[in-house]
Amino acid sequence: MMSLLSAEGYKLIRSKSFYICIAVVIGVVALLYGMLDLADRIDRGEFENGTAGIVVSEETEEDGTSTWEEISLMEIVGQIFSGDFLPCVLAVFVSIFVVGEYASGMMKNVAGKGRERWKIFLSKLIVAELAVIPIVLIGLAATLLGGLVFKGSGSFTGDFWKNLTVFVGLQLLLEMAFAAVCMLTSDLVRNYAAGISLGIGIAAFPVILMEGLMDRLFYNSGFTPSAYWVVTRSIHCPYEGFTAGYVMETIFVAGGWLLLAAGLGIWHFSRADIS
């Protein structure tokens, strides 16, 4: 098992898609700060309203409040991590990381050496899960650095670090669970285009389906189906005021999807032919 984990870790380090995904996250953080800075400059009259497609409401212009004063750093962190952007990035990375083994024929060689199938799948899953951590944390570091530059050290006072720790911890669990689901779907289709398309699809479309249809069907029952899908739970994760019940329920949701995806993935990989 250790040799398999070591081999998968080496593949991760050599994976260009891993570093590209990190660069994309950093790029989106920089783009968000650039847009907020431009909105602030429009507020101050340095640019015309509508420059680069950014429109500032008249009320905001008239009250003289800076854009940086209106938005907290936790809200900026939430803009990056509470949504389907990061799941889409992870869907692309995991699909390439998994399907690449089949496309190159490496998976067939590894499985042909007599290794237990469940160990092969589990080792790749563990490394894919661990890869989520630097993607999220490097994106977080870029967001905090931008906050320090544009908003100053005053944004890091009060309960900021406490709220940030809980928020990022929950987001990490949810994103790792989603990565496991992408691992399962990629192993099912074993094709680049299908794997990436399916991964992005399950990041976005279930949110629309659940919130637009399923939640309405159960409107009077007190049961909210969308609260039990990892992406919708990530989107609606609060920035502060966390309760023990919410934290435990989120851990349960993330752990449930992770175990389900891992179990189904091991079952499928152990029985399907590898060509």
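**Exercise 1. Find the second largest pocket and describe its walls.**

Solution. Start with the volume: about 150 Å³ of space lies in the second largest pocket of this predicted model.

Next, collect the lining. Ser-72, Leu-73, Met-74 and Glu-75 belong to it, along with Lys-151, Ser-155, Thr-157, Phe-160, Asn-163, Tyr-239 and Glu-240.

Then map those residues onto elements. Helix H5 (73–81) and helix H9 (160–189) each supply at least two of them, and H5 gives the most, with 3 residues.

Finish with the chemistry: the lining splits into 4 nonpolar, 4 polar and 3 charged residues.

**Exercise 2. Work out how H5 packs against helix H8.**

Solution. First, pick the descriptors. Two packed helices are described by the angle between their axes and the distance between the axes.

Now put in the values. H5 and helix H8 (residues 117–151) pack at an angle of about 145°, and their axes are 10 Å apart. As for the hand, the crossing of H5 and H8 is right-handed.

Which residues make the contact? On the H5 side they are Leu-73, Ile-76, Val-77, Ile-80 and Phe-81. H8 brings Val-136, Gly-139, Leu-140, Thr-143, Leu-144, Gly-147 and Lys-151.

Sort them by class and you get 8 nonpolar, 3 polar and 1 charged.

One cross-check against Exercise 1: Leu-73 and Lys-151 take part in this contact, and both also line the second largest pocket.

**Exercise 3. Do the same job for the largest pocket.**

Solution. The volume comes out at about 220 Å³.

Walk along the chain to gather the lining: Lys-11, Ser-15 and Ser-17, then Ile-96, Phe-97, Gly-100, Glu-101, Ser-104 and Met-106, and finally Lys-124 and Tyr-192.

Which helix gives the largest share of this lining? That's helix H6 (residues 85–104), with 5 residues.

By class, count 4 nonpolar, 4 polar and 3 charged residues.

**Exercise 4. Look for enclosed space and say what surrounds it.**

Solution. Set the threshold at 30 Å³ or more, and the structure holds 1 cavity. The largest cavity has about 40 Å³ of space.

Its lining is made of Val-98, Tyr-102, Met-107, Ile-120, Phe-121, Lys-124, Met-183, Asp-187 and Phe-269. H6, H8 and H9 are the elements that give two or more residues, and H8 gives the most, with 3.

Class by class, you'll find 7 nonpolar, no polar and 2 charged residues.

Here's a link worth spotting: Lys-124 lines this cavity and also appears in the lining of the largest pocket.

**Exercise 5. Check the backbone at Arg-190, then classify Ala-194.**

Solution. Begin by locating Arg-190: it sits in the loop between H9 and H10.

Now look at its torsion. Most residues other than glycine have a negative phi. For Arg-190, though, phi is near 55°, a positive value in a residue other than glycine.

Move on to Ala-194, which is placed in helix H10 (residues 192–217). Is Ala-194 buried, partly exposed or exposed? Its relative accessibility is 31%. The partly exposed class runs between the buried limit of under 20% and the exposed limit of over 50%, so Ala-194 counts as partly exposed.

Last step, compare sequence and space. Ala-194 and Val-99 are 95 residues apart in sequence, yet their C-alpha atoms lie 9.8 Å apart.

Note on methods: Residues are numbered from 1 along each chain as its sequence is written. This is a predicted model: local features need pLDDT of at least 70, side-chain atom pairs count only at pLDDT 80 or more; totals for chains, interfaces and linings use all residues. Side-chain values use heavy atoms; hydrogens and water are left out. On a 1 Å grid over the protein atoms alone, a cavity is a set of points where a 1.4 Å probe fits but cannot get out, and a pocket is an open set with protein on both sides within 12 Å along at least five of seven lines; lining residues have an atom within 4 Å of a point. Grid points are joined across faces, edges and corners, and a volume is the space filled by probe spheres set on the points. Helices (H or I, at least four residues) and strands (E, at least two) are DSSP runs, numbered from the N terminus. Ala, Val, Leu, Ile, Met, Phe, Trp, Tyr, Cys and Pro count as nonpolar, Asp, Glu, Lys and Arg as charged, and the others, Gly among them, as polar. Buried means under 20% relative accessible area, exposed over 50%, partly exposed in between (1.4 Å probe, protein chains only). Axes are lines fitted to C-alpha atoms, for helices over the stretch in contact, and angles run from 0 to 180 degrees between N-to-C directions. A crossing is left-handed if the near helix is turned anticlockwise from the far one by less than a right angle, and right-handed if clockwise. Contact means heavy atoms within 4.5 Å.
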